[in-house]
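Q: Could you take me through the backbone oddities in this one? I'd like a close look at the spots where the chain does something out of the ordinary, and where they sit.

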Amino acid sequence: MREGTRPLEGLRVVELGQLLAGPFTGTILAYFGAEVIKVEPPGGDPIRGWREVKGGTSLWYRSLGRNKKSVTLDLKSERGRALALSLLDGADVLVENFRPGAMEQWGLGPEVVKARNPKLIYARISGYGQTGPYANKPGYASVTEGFGGFRYLNGEPGKAPVRPNISLGDTLSAIHAALGIALAIIQRQRSGEGQTIDVALYESVFNLLEAVVPEFDGAGLVREPAGTTLTGIVPTNTYRCADGRYVIIGGNGDSIFKRLMVVAGRPDMAEDPALADNAGRVRQEAAIDAALAAWCAGLPAAAVIEQLEAARVPVGPIYSVADMVADPHFQARGLFETVEVDGEPLKIPAILPRLETTPGRTDWPGGAVGSHNEEILGGLLGLSGEELAALRADGVIA
């Protein structure tokens with residue numbers, strides 16, 4: 001691989017499905033060089049109309065649809081399904097996130113497709129997976145985050161579990177799918193054959209649970225929600241400062257704790273033998289948090305951060321998007337890319353991880369529905385202008 005090429009260049013991906021988990025998988029692959037052909041219904045992916053819409057298309061879609069070639073096909077029509085099969089004949093990867101069984105009903109299931117193209121990597125994303133008693137249940141991220149154990153832990157004791165204001169389960173599933181595809185590509189280089197990847201939204205959040213399962217099985221402990229703290233690790237918490245802003249302090253290392261409490265005006269706690277290790281601090285968590293809360297309440301957030309950073313104590317602010325865009329570190333690390341939409345600049349987030357010699361990049365923002373019909377259906381599949389016109393007339397493409 002020559003320096004500067006992206007790692008997935010030369011890989012053709014067909015993205016079927018809509019909304020977030022499948023499309024974000026395609027976004028990751030496209031960012032790192034894959035040719036991603038996004039197959040949408042003639043009316044477009046519904047996410048084009050979600051949240052803030054400008055110029056007829058959501059601002060979100062400009063990020064989610066980046067680097068993708070949009071093709072419209074009505075998969076409920078026989079002709080649309082036949083054209084999808086033709087696309088898959090020349091593909092390396094298929095990403096789909098329809099309900100389990102839908103692809104089989106359309107004649108696009110793994111057995112059919114892989115009989116025609118044995119090298120195809122067939123990535124499937126669904127709420128509960130392709131097998132098991134719950135496979136056919138509808139599974140949006142909101143529901144599966146609860147089923148997968150994440151929501152139980154997220155919130156204040158005695159109150160309703162809290163949802164983060166993002167579709168966490170979808171995004172995590174996309175990252176898992178992209179990882180599975182990368183692993184399958186490596187294996188295909190050895191075997192020459194593709195394989196099916198089964199990603200479930202609930203399992204993607206389940207994968208975050210750290211010690212929750214072994215602690216339950218080995219000690220009978222059920223991890224409960226702990227608000228802004230982290231069960232069994234002290235101190236690590238969020239504190240309100242005099243200016244109304246919040247800071248996060250992670251002072252749970254033994255030597256860090258001593259430095260933290262000296263700066264906070266509590267040298268007695270810093271030198272207390274009962275607080276010298278984490279186990280002792282857990283027993284006196286309330287007293288430690290009360291001392292830190294009182295200290296933070298008397299200072300603006302910037303002063304708290306300045307003093308603790310000088311003492312090499314992990315501390316940081318809680319940022320809004322406005323804070324992130326204004327911060328020089330975000331800028332220096334290249335976390336925003338600017339694209340042009342209808343003649344106007346628009347910031348969209350970079351996609352990680354950061355690769356030293358073969359980094360990803362945004363080539364173009366998400367475009368109009370069916371904007372690559374002629375290139376893909378005409379150029380790649382060889383349909384004539386008359387055939388494309390007939391497909392439009394029949395509503396098979398936009």
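A: Let's start in the loop between β12 (336-341) and β13, which is where Asp 342 sits. This is a predicted model, so read what follows as a description of that prediction. Asp 342 isn't a glycine, yet its phi is positive, about 50 degrees. For background, most residues other than glycine have a negative phi. As for its surroundings, Asp 342 is exposed, with a relative accessible area of 64%.

Glu 210 tells a similar story in another loop, the one between α9 (201-206) and α10. Here again you have a residue that is not a glycine with a positive phi of about 50 degrees. Its relative accessible area comes to 69%, so Glu 210 counts as exposed, given that the cut-off for exposed is over 50%.

Now for the peptide bonds. Most of them are trans, but have a look at the step from Val 234 to Pro 235: that bond is cis, with omega near -10 degrees. You'll find Pro 235 in the loop between α10 (212-219) and β9 (236-240).

There's another cis bond further along, joining Leu 352 and Pro 353, and its omega is about 15 degrees. Pro 353 belongs to the loop that runs between β13 (344-349) and α18 (373-380). That brings us back to β13, the strand that also closes off the loop holding Asp 342.

How values were computed. Residues numbered from 1 in each chain as written. Predicted model: local features only at pLDDT ≥ 70, side-chain atom pairs only at ≥ 80, totals over all residues. Heavy atoms only, no water. Helix = DSSP H or I, 4+ residues; strand = E, 2+ residues; numbered from the N terminus. Buried < 20%, exposed > 50% of the residue type's maximum accessible area, 1.4 Å probe, protein only.
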